[in-house]
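This note is addressed to a colleague who is meeting the structure for the first time. Please read the points below alongside the sequence and the model.

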Number of protein chains: 2
Amino acid sequence: MATLKDVARTAGVSVMSVSNVLNDTGRFSATMRERVLQAAEEVGYAGPDPAAASLRRGRTGTVGVVLPLPLETAFADPAATAFLEGVAREFQRRRTTMTLLALPPAVGPLARYATAPVQQVADAPLAALEKAVIDAALLYSVEEDHPGLDILVKRELPVLAVDSPGHDTGRDRFGDAWAGFVTVDDFGGARRAARHLIGLGHRRAAILVDKLAVQPRLGPATWPQALATTSAILRRRLLGYRDAWAEAGLPFTDLTVIECGRNDIAAIRTAVHTLLTAPGPHPTALLAVSDTLALGACAAVRDHGLAVPGDLAVIGYDDIPAAATAVVPLTTVHQPTVEKGESAARLLLDHTDHHIEHRSDHGASTAPPAPVAGAAPPELPTRLVIRASTPA
Amino acid sequence: MATLKDVARTAGVSVMSVSNVLNDTGRFSATMRERVLQAAEEVGYAGPDPAAASLRRGRTGTVGVVLPLPLETAFADPAATAFLEGVAREFQRRRTTMTLLALPPAVGPLARYATAPVQQVADAPLAALEKAVIDAALLYSVEEDHPGLDILVKRELPVLAVDSPGHDTGRDRFGDAWAGFVTVDDFGGARRAARHLIGLGHRRAAILVDKLAVQPRLGPATWPQALATTSAILRRRLLGYRDAWAEAGLPFTDLTVIECGRNDIAAIRTAVHTLLTAPGPHPTALLAVSDTLALGACAAVRDHGLAVPGDLAVIGYDDIPAAATAVVPLTTVHQPTVEKGESAARLLLDHTDHHIEHRSDHGASTAPPAPVAGAAPPELPTRLVIRASTPA
DNA sequence: CACCGTTGATGTATCGATAAAGCACAGTGG
DNA sequence: CCACTGTGCTTTATCGATACATCAACGGTG
């Protein structure tokens, strides 16, 4: 591979001149420019070696996006992909590359809501966090006490967590590392959905979730079990639904949580079937924690010979594109998913750009740590979109 | 940030000893090990700086996965996510990280099938290819003459292309860079699907595609238009369907290609509606180039008051999980999608592991370029899975 | 007792680039 | 005529780690 030195020798100039031309620092003449570019072409120079430049500059231009394993789940979920699309868009604007770091979910409930400690996960994926060539990390739905976080903190990498419980605590750092948070008003959105149902006269509903933990337990869950979920988003949504029920003075026994296992038509059909054939009074409405689940539930209800919303009202969550175009357009809680990704990326990059602009060899001449302008609001709004899956 | 030097000073030993312990080279005593680990803990050493290690070793442990923009498309497509899951699995086994590099699709048809040259794309995303800290690149559905490829070639990075037309030509390099290919027998799979229909007595069918080019043109396409598609996979599938028709001596006018625009229920419904209300004889079967399209088409056909397979037979492609569990389980062409990802990753990593094992300071003592054992077969098989969306 | 292979630690050179200082030389104003 | 200010290019000193060579101490052998 040709290096700067080769180009310099060929052009008959110093390496610094070549570097100056290639980085367009402006400190060179037109003649020099020509000579260097010509020589670069001649020796087939492919541009500065990224590893060397990263070492010297102290910046890599790459951010790690940390996702929970299995990636399939993350990729297949329309809400997650829309989020990633937002992240990708902002990264592209800011000339930043994204490295995917997949983490196994920590086993056990969120430590702050449970007594059992989060178990250690396999070492191999954690080593990836140590060796990744990145300037910062963006965590998507990663538990706040995941052991992987310690590694990022040790490396003093700025970290931004999306949909993490950390935001609730108002903190702005993890250990010594800067920390940012972007969340969505999941609690409020869920509460609005449940209030809407109550306003329509519903008194008994079932909440459909895909899984509460890595190992799902199919069927109804008790409220303590449900609230011990490992997912912070899920927990906030459940609390929102529950709060509306409490507000209206309705008993929690009439708001059951059903674990379906997967975002999968067959699994949802089974769950709905079980629900509708169980003894005792049936729910008159379904609150699904995602649109995928809600759409599956609609299909299952129809297969069962019942009508949506006539026999059973359904409300989803996320407002994915398919929600609006479904056979029965879905009433759902809209959240600005793509924008969430953009905000997260923007907030993180604003921080890194301001604080580690570039390695400077003489003392700390870093810009004042001014509050970042145009930063994203920490909590994005949600709103209820009323369509045809709830009665008018 | 603490460096090796700090650890060495604290432990009162040389930097090399620290490096030896951390890299577990075995050339140190138990006492030394203790002292070093203790000192590392004490100064809060976060492990070797990845950029520095990459520079010195000449390897980064990261592979670039190049996907066409918009990423949303890639992430939302179940076939693509299954593929990425396979890639991720193999990478994890091999302790390799993946960097996502999104490329805008080159505008214009594949140059080898067209006279118009592939247009230049925006420069910004290409710069990412120059600056990415990677050892190799895995291209997913990237045109063989995409300008981005030149950059990888200049960097002499090993490249592996999946579902690219390159495999047809039997080449094993792009310029000076090693090149590998993994493809699936798309032609054969499509032909089997169409033959099956013909065997069932069908004589008129419509082929549903999402889009032939970046800017889709909704509605029927002529065969020359269809075959000028920018997607190599799509082209192979179209040729397979067509070949079955030709074999049976049926006219191509009875095999129409319909462009739906998106993998979207509403778009598909419109396309199916148009198809079924057009004057003249209607097709008796639908060949969809993906299961997502096929499942959407099934729903659209039912909405239209017709039955699958009674009134209209439907065959999909890919055999995504949802195909088996659909209301009418889908007849489709199965391809080993996850395995395709694993094979691609394995083939690429086998190459890089053998050929750039590590930077060696003295002369070329590299291992003989033995043919890689256990490498993936270059073309993976497909098979027709007959379920309920075609009559028995 | 001199010779030698082993073990464990250290020194030195380098990977490929960039930051900052240094240095010639031309043009200016007092 | 000389100090003074830019240009434009070069020299020097790193960035943080690893490959390889070297060296000291030691126990076993003929």
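The points that follow take up chain A, the contact between the chains, and the nonpolar cores.

1. The model is predicted. Chain A holds 15 helices and 14 strands. Of its 392 residues, 50% count as buried.

2. Contacts in chain A deserve a remark on sequence distance. Among those with a separation of 6 or more, 70% are made by residues 24 or more positions apart.

3. Where the two chains meet, 49 residues of chain B are in contact with 49 residues of chain A. Several elements of chain B give two or more residues to this side, including α4 (50–57), β2 (97–103), α7 (123–131) and α12 (265–277). The most comes from α6(B), with seven residues. By character, the residues on the side of chain B that touches chain A comprise 28 nonpolar, 11 polar and 10 charged.

4. Strand pairing also links the chains: β2 of chain A, residues 97–103, pairs with β2(B) in the antiparallel sense over three bridges. Within this pairing, L100(A) has M98(B) as its bridge partner in β2(B).

5. The largest nonpolar core contains 108 residues. The members that touch the most others are I207, L208 and A297 of chain A, together with I207(B), L208(B) and A297(B). Leaving aside residues up to four places away in sequence, A297(B) touches L208(B), I268(B), V272(B), L286(B), A288(B) and V314(B).

6. A second core, separate from the largest, has 98 residues. Among them are V66(A), A82(A) and A344(A), as well as A51(B).

Technical notes: Residues numbered from 1 in each chain as written. Chains lettered and ligands numbered in written order. Predicted model: local features only at pLDDT ≥ 70, side-chain atom pairs only at ≥ 80, totals over all residues. Core = buried A, V, L, I, M, F, W, Y, C linked by C-beta atoms within 7 Å. Buried ≥ 20, exposed ≤ 12 C-beta atoms within 10 Å, placed from the backbone. Contact = placed C-beta atoms within 7 Å. Helix = DSSP H or I, 4+ residues; strand = E, 2+ residues; numbered from the N terminus. Nonpolar A, V, L, I, M, F, W, Y, C, P; charged D, E, K, R; others polar. Pairing = 2+ DSSP bridges.
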